[in-house]
Amino acid sequence: MLGACPHDCPDTCSLVTTVENGLATKVQGNPAHPQTGGVLCNKVSHYTERTYHPERLTQPLKRTGPKGSGRFEAVSWDAALTDIAARLKTIAARNPEAIVPYSYAGTMGQVQSEGMAARFFNRLGASFLDRTICSTAGGEGLTHTLGGKVGMRVEFFAESKLIIIWGSNSIGSNLHFWRYAQQAKRNGAKLICIDPRRSETAEKCHDHIALLPGTDAALALAVMHELIRNNWLDHDYITSHTVGWPELRERALQWSPERTATICAVPVEQIKNLARDYGQCFIDRQPAAIRMNYGMQRVRGGGNAARAIACLPALTGAWRHRAGGVLLSSSGLFPVDRAALHRPDLLAGRWPRTINMITIGNDLLAESSDSFGPKVEALIVYNSNPVAVAPESGRVVEGFAREDLFTVVLEHFQTDTADYADYVLPATTQLEHWDVHSAYGHTDVLLNRPAIAPVGESKSNAQIFRELAAHMGFDEPCFLESDESLCRTAFGDKVDFNELLVKGFAPLGLPEAPYANGNFPTTSGKCEFFSERLAAQGLDGLPDHVPNYETFGTSKDFPLAMISPPARNFLNSTFVNVKSLRDIEIEPVLEIHAADAAARGIVNGDVVKVFNQRGDYLVRAEVSARARPGVVNGMGIWWRKLGMDGTNVNQLTSQHLTDLGRGPVFYDCLVEVALAPQAAVASQ
Ligand SMILES: Nc1nc2c(c(=O)[nH]1)N[C@H]1C(S)=C(S)[C@@H](COP(=O)(O)OP(=O)(O)OC[C@H]3O[C@@H](n4cnc5c(=O)[nH]c(N)nc54)[C@H](O)[C@@H]3O)O[C@H]1N2
Ligand SMILES: Nc1nc2c(c(=O)[nH]1)N[C@H]1C(S)=C(S)[C@@H](COP(=O)(O)OP(=O)(O)OC[C@H]3O[C@@H](n4cnc5c(=O)[nH]c(N)nc54)[C@H](O)[C@@H]3O)O[C@H]1N2
Ligand code: SF4
Ligand SMILES: [Mo]
């Protein structure tokens, strides 16, 4: 059976599931889908292990112990939904905004993410959720510069002569892009990686610039500085297809490589070489391509950094080539019919308050007020594991532990979050339900057809919200639409559904070099170095270096910067409970540079305490060249209960927001590291 990988990964692979006697026996990459090329990552190759996991939730559960204890009893669907509906009705009668949905990208399918859920919450008048935890800083940065989440077609990276991989461990998190980069490398392309961590990807590139976290905008401005000084500029392209060149020029000239080298803590020569390589492509009329990923925007200045980097291809006219330009996300290219799917008309004129998912810790603990609105009384979580993934988990746990909070969690497994639920509802996996997918790392639509029947009594998210709507007495016909029909609604007539049914995928049919002649989807139609829209909001119209909230070198107590990038065999907190994958990652690890370890009397393999003013957690220290001096890498995102001391790295991260897009600052975090107290080690 043909399907689509549902995970929050740019690659959105086409899956082929082998079914024998009603059981899925194998999940493989579809060889007929060019982007997948018949290859899956190690994680999803283990999909049947996850689907038939002995701890898979198969029945609705009702809490019997204190919150967080994980003690539950099985109940019938009807009993669970009747009680949930009664509780929600009581709260909604006072104020529906006291009910908050909490979801992210456990599945990226249009149907099982917000397809039916949005209809339900719109009809209810629940609070809006600002779904900001991943990509909004970079997304807004891109939108203010290029006009949307748009960019190069990923397949053409294979023809690039220079590929800059900026804030991405592609081998771990964007494997199918890496295949194209490898092709380019074999054809003589140079690969440069910009990443504080010497990742699996960084060590396979020709150059690696290990800058301090949160200094990417400075680096991009210094590259511009060198392009200007050496006149490696496509003046025709700049004149015809950009806005704000004189202003940007002046700004960039303030960023000499020498000044920037101090801020980024890298050698001046590396900065000059980066600019020279980029400029050389202009001189030789060869395509230069930048693959940004979200790793560089999880800091205070993440939006500005994305803006600065997105300006580069217009300066050298790299967009003239189909293998030139920049790609962060292609999601803005997909014609999803959100109004038909989410039905904002069901709001009927109401405009509820918005809760930012990043500050859920603070918001669950906030009292009613004029500025905040009503105290949160009910939370419905699906496709997300906030107790593990949201920042400052001490606060998040305190909020979830509130006895007066009514929490429902739709899940596959008893996650850290599910432990705090009043009801846990078993959801189907991708092998068991319909869905249709856009992508953010390529430009094909994919269909997912169920390969097997639901495991146990599990139901799809859409089905659960449909049934909950019925129990609430919502009688609009849209609450009767089936999952398969929702798949058709998602793209309307913009995509040939028959093609999807036959092949499993359908390319969008986009131009090869969309911005060769400008035509950016901005209001001006040009690449906006200067954004009038930002200036009108009282913000800087130009990109700039915005220092981290917790800037390296500014704290005596917490002298190390910590980033917490994904571990290769997990996907955020998904797969941590899959034994074959956890056996590879073994246990939570902190990579630390030899000099930083020695200064603290730490040797490889020691259990260490990582701490700051927000909390602490225990990890195994790996003294490693993957860490640069001054920066430790707390690899993510472990389930708290499967970690060393019932916590994880987010115990230390902060709830601050980015400059643009109200995003998270997971990698803008100062810490100190010390040998763990013996007592804690002995209890392991
Ligand atoms: N295996 C695996 N794949 C994944 C994920 C996963 O958890 N595991 N997560 C998925 C998700 S949710 C997303 S959003 C995508 C993208 O996910 P990303 O989180 O962008 O994933 P990575 O490609 O690992 O990129 C992060 C890289 O950015 C680096 N980095 C950290 N701070 C900075 C900085 O300030 N500047 C620069 N230049 N680099 C920095 C990190 O060291 C790391 O190598 O990948 C998805 N794919
Ligand atoms: N410290 C630190 N924290 C981070 C990050 C980081 O790099 N460092 N990365 C951040 C990023 S980029 C992201 S995107 C977020 C990710 O945060 P989340 O979106 O919460 O991602 P996951 O942890 O993978 O949790 C998804 C959950 O959804 C469930 N799920 C999957 N499919 C379905 C379904 O069909 N139905 C239901 N009901 N449930 C389903 C899975 O079982 C899983 O428990 O984490 C963020 N947190
Ligand atoms: S997680 Fe990414 S690479 Fe792995 S199968 Fe899914 S889409 Fe493909
Ligand atoms: Mo993400």
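Reader: What makes up the shell around ligand 1, by class?
Author: The shell around ligand 1 has 17 nonpolar, nine polar and seven charged residues, where Ala, Val, Leu, Ile, Met, Phe, Trp, Tyr, Cys and Pro count as nonpolar, Asp, Glu, Lys and Arg as charged, and the others, Gly among them, as polar. This is a predicted model, in which local features need pLDDT of at least 70, side-chain atom pairs count only at pLDDT 80 or more, and totals for chains, interfaces and linings use all residues. Residues are numbered from 1 along each chain as its sequence is written, chains are lettered from A and ligands numbered from 1 in the order in which they are written, and side-chain values use heavy atoms, with hydrogens and water left out.

Reader: How many residues surround ligand 1, and which are the closest?
Author: There are 33 residues around ligand 1, and the closest are Asn169, Ser173, Asp195, Arg298 and Phe570. A residue belongs to this group if one of its heavy atoms lies within 4 Å of the ligand.

Reader: Why is the pair formed by Gly214 and ligand 1 called a polar contact?
Author: A backbone N or O atom of Gly214 is 2.9 Å from an oxygen atom of ligand 1. A polar contact is a pair of N or O atoms within 3.5 Å (within protein, one must be able to donate a hydrogen and the other to accept it, and residues adjacent in sequence count only if both atoms are side-chain atoms), so the pair qualifies. Lys43 places a polar side-chain atom 3.1 Å from a nitrogen atom of ligand 1, and a polar backbone atom of Tyr294 is 3.3 Å from an oxygen atom of ligand 1. The protein buries 98% of the 880 Å² that ligand 1 exposes when taken alone (Shrake-Rupley method, 1.4 Å probe; for residues, only the protein chains shown count as cover).

Reader: Why is ligand 2 said to lie between two domains, and which are they?
Author: Domain 1 (2-133 + 335-507) and domain 3 (560-682) both give residues to the shell around ligand 2, so it lies between them. The domain bounds come from an automatic or database domain assignment. Among the 31 residues that surround ligand 2, the closest are Ser384, Glu411, Ser573, Thr574 and Tyr667.

Reader: Which side chains have an N or O atom in polar contact with an oxygen atom of ligand 2?
Author: The side chain of Thr574 has an N or O atom 2.5 Å from an oxygen atom of ligand 2, and for the side chain of Tyr667 the distance is 2.8 Å. The protein covers 97% of the 920 Å² of accessible area that ligand 2 has on its own.

Reader: How do you know what joins domain 1 and domain 2, in terms of salt bridges and polar contact?
Author: The count of salt bridges between domain 1 and domain 2 is zero, a salt bridge being a side-chain nitrogen of Lys or Arg within 4 Å of a carboxyl oxygen of Asp or Glu. Eight residue pairs, both at pLDDT 80 or more, are in polar contact between domain 1 and domain 2.
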